[in-house]
Amino acid sequence: MENTFSFLVASLNYFGDILMTLPLATSLKAAYPESRVTFCIGSRGKGVEGIVRGVDRWIERGPRDSFFSRKRIIKEMKEVRPDKIILLQQSKYLLSLARAVNPEGIVNPPHHEGKGLPRHVTDRALIYAEALGAYPVQEINFREDPEASAEEIPALFFPGTTRPSKMWPVEKWLALGEMAWKEKGIEPVFAGSPADKPISVKLKKAAFPYRDLIGRTTLAELAGLIRRSRVIVSVDNGAMHLSDFLHRPTIALFGSTDPTQVGPVQKESVAVGPRGECILCRKHKCTHPKIYCMDQISPDEVWELFREAWEKGY
């Protein structure tokens, strides 16, 4: 293979899912520094371009498929003149786009040394790196935060997510925060996207001091908060993946989704759950009176993991 290519990667739709595939960009750039890497992403990944380096161009697919959106996307794809097109999501829609741009350049899903395909999204992306002659690296090349503060955040909590079935009950977050305050004098910071704002109302029942930054930060500011945080607790969401790839100690809580497929990958992080007879249902909304699988995770258990991470002091 020559040393200069134009790689076009059709990635996934949501911010966290896109993050899990970005080690492919890191690996390709490390192997072929003069090559261009373009990522075509779903609209739910908006903002990722502001915190990541190593991707030369971003193409947003948009929230709806239409004749005009396809025409625009194909036009933008053709502009980068891709030699290799990598479809991380094997859908008819993405395949039709790729065939309209460069059908000969589509990289077939690689075989994995006679084994089945890896389960984790990151590992599935990285087998393409190996197939293209690049050493697989489980890292993301992030932009530096020029306005980073020296203030350490002892505890950063991310209680919100896109699906109700992935929520840890608010009363358990309140119990965890009370433990942090009573045992270590920690005033936790709650953060998240504007869509998580309804949680702020429920946090007002807290019997401990806390800071509520839910919906009050940009994505770049959120990355800055994570960098300064000593321990992070989160449900399965984009912030959890961002914390993980920034190598901050992250306790990730799982119920309806599978941590072996979409969990944290770095050594500083730990996944808790899933538990219960109905785990890994992947439903948008739980059919039980309570979110049964997440209800099985106790604040005491999470606090013990928090204390361990705190004492290690990464």
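Here is a short tour of a predicted model, one selection at a time.

**Stop 1: Arg-61**

Start by selecting Arg-61, in the loop that links β3 (57–60) to α3 (67–79). Which side chain of opposite charge is nearest to Arg-61? Click on Asp-17 to find out: the two are 9.2 Å apart, and Arg-61, though buried, has no salt bridge. Now follow the Arg-61 side chain to Ser-11, where it reaches the backbone oxygen at 3.0 Å. Show the surroundings too, skipping neighbours within four places in sequence. Arg-61 is in contact with Ala-10, Ser-11, Leu-12 and Asn-13, then with Cys-40, Ile-41 and Gly-42. Also on its contact list are Arg-72, Ile-73, Gln-89, Tyr-93 and Leu-94.

**Stop 2: helix α2**

Next, select residues 23–31, which make up helix α2. How many of its residues are buried? It's 7 of the 9, so the helix is largely enclosed by the rest of the structure. Colour the buried ones to see them: Pro-23, Leu-24, Ala-25, Thr-26, Ser-27, Leu-28 and Lys-29. What do they pack against? Turn on β1 (6–10), β2 (36–41) and β4 (84–87) for the strands, then α1 (15–21), α5 (121–131) and α9 (238–245) for the helices.

**Stop 3: the six-stranded sheet**

Now move to an open sheet of 6 strands, paired in parallel, and walk across it in the order β7-β6-β5-β8-β9-β10. At the edges you'll meet β7 (211–214) and β10 (270–272); each has a single partner strand, so one side of each is left without a neighbour in the sheet. Ignoring direction, neighbouring strands here are turned by 20° against each other on average.

Zoom in on the β10 edge. Strand β9 (residues 250–253) pairs with β10 over 3 bridges, in the parallel sense. Pick out Ile-251 and look opposite: there's Val-270 in β10.

Then head over to β6, which runs parallel to β5 and is joined to it by 2 bridges. Select Phe-157 and its bridge partner in β6, Phe-190. Are the residues on the two faces of β6 buried or exposed? They're buried on both: Val-189 and Ala-191 on one side, Phe-190 and Gly-192 on the other.

**Stop 4: helices across the strands**

Finish with two helices. Select α8 (residues 219–227), which lies across β5 (153–158), β6 (189–192), β7 and β8 (229–235), at about 130° to β5. Then pick α12 (residues 299–312), lying across β5, β8, β9 and β10 and running at about 155° to β8.

Key
Residues numbered from 1 in each chain as written. Predicted model: local features only at pLDDT ≥ 70, side-chain atom pairs only at ≥ 80, totals over all residues. Heavy atoms only, no water. Helix = DSSP H or I, 4+ residues; strand = E, 2+ residues; numbered from the N terminus. Buried < 20%, exposed > 50% of the residue type's maximum accessible area, 1.4 Å probe, protein only. Lys, Arg positive; Asp, Glu negative; His and termini not counted. Salt bridge = Lys/Arg side-chain N within 4 Å of Asp/Glu carboxyl O. Polar contact = N/O pair within 3.5 Å; in protein donor to acceptor, adjacent residues only side chain to side chain. Contact = heavy atoms within 4.5 Å. Pairing = 2+ DSSP bridges. Axes fitted to C-alpha atoms, helices over the stretch in contact; angles between N-to-C directions.
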